[in-house]
Amino acid sequence: MLELELIIRKMILESLGVEKYYNSHVENSNTILRVMKYEPPPSSASAIGLLAHTDTNIITILCQDEVQGLEVLSKEGNWLQVAPSKGTFVAVVGQVLKAWSNGRLHAAKHRVVMRGDTERYSCGLFSIPKDGVVIETPSELIDEEHPLLFRPFNYLDFLTYFHSNISDNALEIYAGV
């Protein structure tokens, strides 16, 4: 999963034309691997296994078991199921990468909804900035068509703010220009 995350991150930076930042991007981050278990709902109705949110990290790589549950909010406001498929992974952009890319990448809101009577397991690799890292948009990603959207910010300070002021637009309130 780590190798896949690094490949995806490299591809993202190359597609933005800022691949020269790849080494510092990787050197200034750590990863956390987490196994998650979601219980089936107590009745035949569906139940929220994980509330709707956007990840605050750089990028998340998810490996799901065969039990459906992950949903992503479309731009039109509809919840779309992300069907688990054997041998596949899901990459989710976090708020840090959204800010670093000057909004060129979208941090998708997602949730887990449990249905049926089977437990759901997933494994997530979360890439996060190291302590003290300041998130700053490269100058190459700022121009007339893409004015600066986020001022530089310390990741840990943002996390502290986020956990004290959870909202759908915490990044924009905290670091927005």
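## A greasy patch on the surface

Let's start with Val177, which sits in the segment after helix 5 (170-175). Bear in mind throughout that this is a predicted model. Val177 is exposed, and its relative accessible area comes to 71%.

Val177 also has company: together with Ile142 and Leu148, Val177 makes a nonpolar surface patch of about 260 Å². If you want to find this patch in the 3D view, those three residues are the ones to pick out.

## The four-stranded sheet

Next up is a sheet. This one is open and has four strands, in the order 1-8-3-6, with antiparallel pairing. Its edges are strand 1 (29-38) and strand 6 (90-93), each of which pairs on one side only. On average, neighbouring strands here are turned by 20° against each other, if you ignore direction. As a bit of background, strands of a sheet pair through backbone hydrogen bonds, and they can do so in a parallel or an antiparallel way.

Now zoom in on one pairing. Strand 1 runs antiparallel to strand 8 (residues 120-129), and the two are joined over 10 bridges. One spot to look at is Ser29, whose bridge partner in strand 8 is Pro129.

## Two cysteines, no bond

How many disulfides does the model have? The count comes to zero. Cys63 shows why: its closest cysteine sulfur belongs to Cys123 and is 6.4 Å away, too far for a bond. To count as a disulfide, the two sulfur atoms would have to be within 2.5 Å. Seen from the other side, Cys123 is in no disulfide either, with the sulfur of Cys63 as its nearest cysteine sulfur.

The two cysteines sit in unlike surroundings when you look at their cover. Cys63 is partly exposed, with a relative accessible area of 27%, while Cys123 is buried, at 17%.

## An asparagine with a positive phi

One last stop: Asn102, in the loop between helix 3 (95-100) and strand 7 (110-114). Is Asn102 buried or exposed? Asn102 is buried, with just 3% relative accessible area.

The backbone is worth a look here too. Phi of Asn102 is near 60°, which is a positive value in a residue other than glycine. For context, most residues other than glycine have a negative phi.

Notes. Residues are numbered from 1 along each chain as its sequence is written. This is a predicted model: local features need pLDDT of at least 70, side-chain atom pairs count only at pLDDT 80 or more; totals for chains, interfaces and linings use all residues. Side-chain values use heavy atoms; hydrogens and water are left out. Patches are made of residues with over 30% relative accessible area and no salt bridge: like charges are joined within 9 Å, nonpolar side chains (Val, Leu, Ile, Met, Phe, Trp, Tyr) within 5 Å. Accessible areas come from the Shrake-Rupley method with a 1.4 Å probe; for residues, only the protein chains shown count as cover. A salt bridge is a side-chain nitrogen of Lys or Arg within 4 Å of a carboxyl oxygen of Asp or Glu. Buried means under 20% relative accessible area, exposed over 50%, partly exposed in between (1.4 Å probe, protein chains only). Two strands pair if DSSP finds at least two bridges between them. Axes are lines fitted to C-alpha atoms, for helices over the stretch in contact, and angles run from 0 to 180 degrees between N-to-C directions.
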